[in-house]
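Morning, everyone. Please have the sequence and the model open, and I will go through it piece by piece.

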Amino acid sequence: MECGGLMLILGIESSCDETAAAVVENGRKIVSSVVATQIEKHKIFGGVVPEIASRMHTEAICAVTKQALSDANCKMSDIDAIAVTYAPGLIGALLVGVNYAKGLSLSSGVPLVPVHHLRSHIAANYLSYENLKPPFLCLVVSGGNTLITEVKDYTDFKILGRTRDDAAGEALDKAARTLGLDYPGGVNLDKIAKNGNSDSYKFPRPHVDGSPLDFSFSGLKTAVMNLVNNSAQKGDIIDVPVVCATVRQRVCDVLIEKTMSAAEKYGYKTVAVAGGVSANSELRLRMANECEKRGIKLYYPKLCYCGDNAAMVGVQAYYEFLSGNIGNSSLNAAATMPIDYR
């Protein structure tokens, strides 16, 4: 495909364990998308090792960027803006992408657009649904973050509820690791849960007293750890599929209940789900059923866009660029940053 007169954005993503680059046209169309995953390396350790992730990003980022440009049949002179994830995430991993993008921008003269990681996860829905536009309500749920936000406009967000401790994805990952499942834990827990029911183990139902839209998953994670440790001491055998099914059910219960409560309270009839945990099979099925009962239109990304990728970065960057959010050589990475920053 030859690059024409439309706006082309080169997106770069390196916030965790995926090194990715993509070329996106006018914020809605993927021209190319390349992802170099680190899963096999981190699987050895049962989770992401930040120092290893940073080094692997350094090794891969040039190649994935060149491949994305090649696949799009583009040169840097065809690119109108360079987008990069700068927060939140693993600080060392983010710095690789940010510094690479800054250097690319400086050497090419192409404008630099900083992109918030969670905003780009929400923007993954725009890739799957061309007609989706704000305002809508969104549940953002991943390994590092869980929140309910109003998407008032493409760059205007208001947080209604957030996790007080562990994110839902972290609880799923830690439960899986405690049960001896391979990394990525949440994905494997979801698969194994399909072989069990959720009636045998009495795990707590996560909640936050006095904050009906906030989340807390540390108690559930601790309950799984205690079950495994106590069973080992007593010599009891754990039914792993049943534990997986119960943990998955508890997490989905609270995610769905709070999202539906927020939609009712704030009058939203359009709801989206975003982030890595939006790929969870039970969450997708049950959320769809609950929305259908209430006459709510539900959106969630195609499975290929649920995980980290650079296409979603390029999509969100289009709207950030139009709103005047342009970076410069002083841009720095940040391990934490709220989605509703100004």
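Asn73 has a relative accessibility of 36%, so it counts as partly exposed. This is a predicted model, so take what I say as a reading of a prediction. Asn73 sits in the loop that runs between α2 and β4. Its phi is near 55 degrees, which is a positive value in a residue that is not glycine.

There is another asparagine to look at, Asn26, in the loop between β2, residues 18-25, and β3, residues 29-37. Phi of Asn26 is near 50 degrees, again positive in a residue other than glycine. Asn26 counts as partly exposed because its relative accessibility is 28%.

Staying with the backbone, which peptide bond comes with an omega near -20 degrees? That is the bond from Ala87 to Pro88, and it is cis. Pro88 lies in the loop between β4, residues 81-87, and α3, residues 91-108. The bond from Tyr183 to Pro184 is also cis, with omega near 0 degrees. Pro184 belongs to the loop between α5 and α6.

Next, Thr65, which is part of helix α2, residues 50-71. Is Thr65 buried or exposed? Its relative accessibility is 3%, and therefore it counts as buried. Setting aside residues up to four places away in sequence, Thr65 touches Leu10, Ile12, Ala21, Tyr100 and Leu104.

Cys16 is in the loop between β1, residues 8-13, and β2. At 23% relative accessibility it is counted as partly exposed; the cut-off for buried is under 20%. What does Cys16 touch, not counting residues up to four places away in sequence? The list is Gln38, Val48, Ala53, His57, Leu90, Ala93 and Asp308. From Cys16 to Leu127 there are 111 residues in sequence and 21 Å in space, C-alpha to C-alpha.

Leu127 brings us to helix α4, residues 117-128. This helix has 12 residues and reaches 18 Å from its first C-alpha to its last, close to the expected 16 Å. How many of the residues of α4 are buried? The count is 12 of 12, so the helix is mostly covered, given that buried means under 20% relative accessible area. Among the buried residues are polar and charged ones such as His117, Arg119, Ser120 and Asn125, along with Leu118, Ile122 and Tyr126.

Now the helix pair. Two packed helices are described by the angle between their axes and the distance between the axes. Helix α5, residues 168-178, packs with helix α8, residues 240-266, at an angle of about 175 degrees, and the axes are 10 Å apart. That angle makes α5 roughly antiparallel to α8. On the α5 side the contact is made by Ala168, Leu172 and Ala175, and on the α8 side by Val247, Arg248, Val251 and Leu255. By class, this contact has 6 nonpolar residues, no polar ones and 1 charged.

That leads to the cores. In soluble globular proteins, nonpolar side chains tend to be buried together. Here the largest nonpolar core has 47 residues. Which of them have the most contacts inside it? They are Phe203, Val247, Leu255, Leu283 and Met287. At least two residues of this core come from each of β6 (136-141), α5, α6 (185-193), α7 (218-234), α8, β9 (270-274) and α9 (281-294). The most are given by α8, with 13 residues. Apart from this core lies another one, of 37 residues, including Ala81, Leu118, Ile122 and Phe136.

Leu255 is worth following a little further. Leaving aside neighbours within four places in sequence, Leu255 is in contact with Leu139, Val141, Thr146, Ala168, Phe215, Phe217, Leu283 and Met287.

Leu283 and Met287 take us to α9, where they are among the buried residues. The others on that list are Glu282, Arg284 and Cys291. These buried residues pack against β6, α6, α8, β9 and β10, residues 297-299. As for its length, α9 has 14 residues and spans 20 Å from first C-alpha to last, close to the expected 20 Å.

That is the end of my list.

Terms used
Residues numbered from 1 in each chain as written. Predicted model: local features only at pLDDT ≥ 70, side-chain atom pairs only at ≥ 80, totals over all residues. Heavy atoms only, no water. Axes fitted to C-alpha atoms, helices over the stretch in contact; angles between N-to-C directions. Helix = DSSP H or I, 4+ residues; strand = E, 2+ residues; numbered from the N terminus. Parallel < 35°, antiparallel > 145°, perpendicular 65-115°, else oblique. Contact = heavy atoms within 4.5 Å. Core = buried A, V, L, I, M, F, W, Y, C linked by side-chain atoms within 4.5 Å. Buried < 20%, exposed > 50% of the residue type's maximum accessible area, 1.4 Å probe, protein only. Expected span 1.5 Å × (residues − 1).
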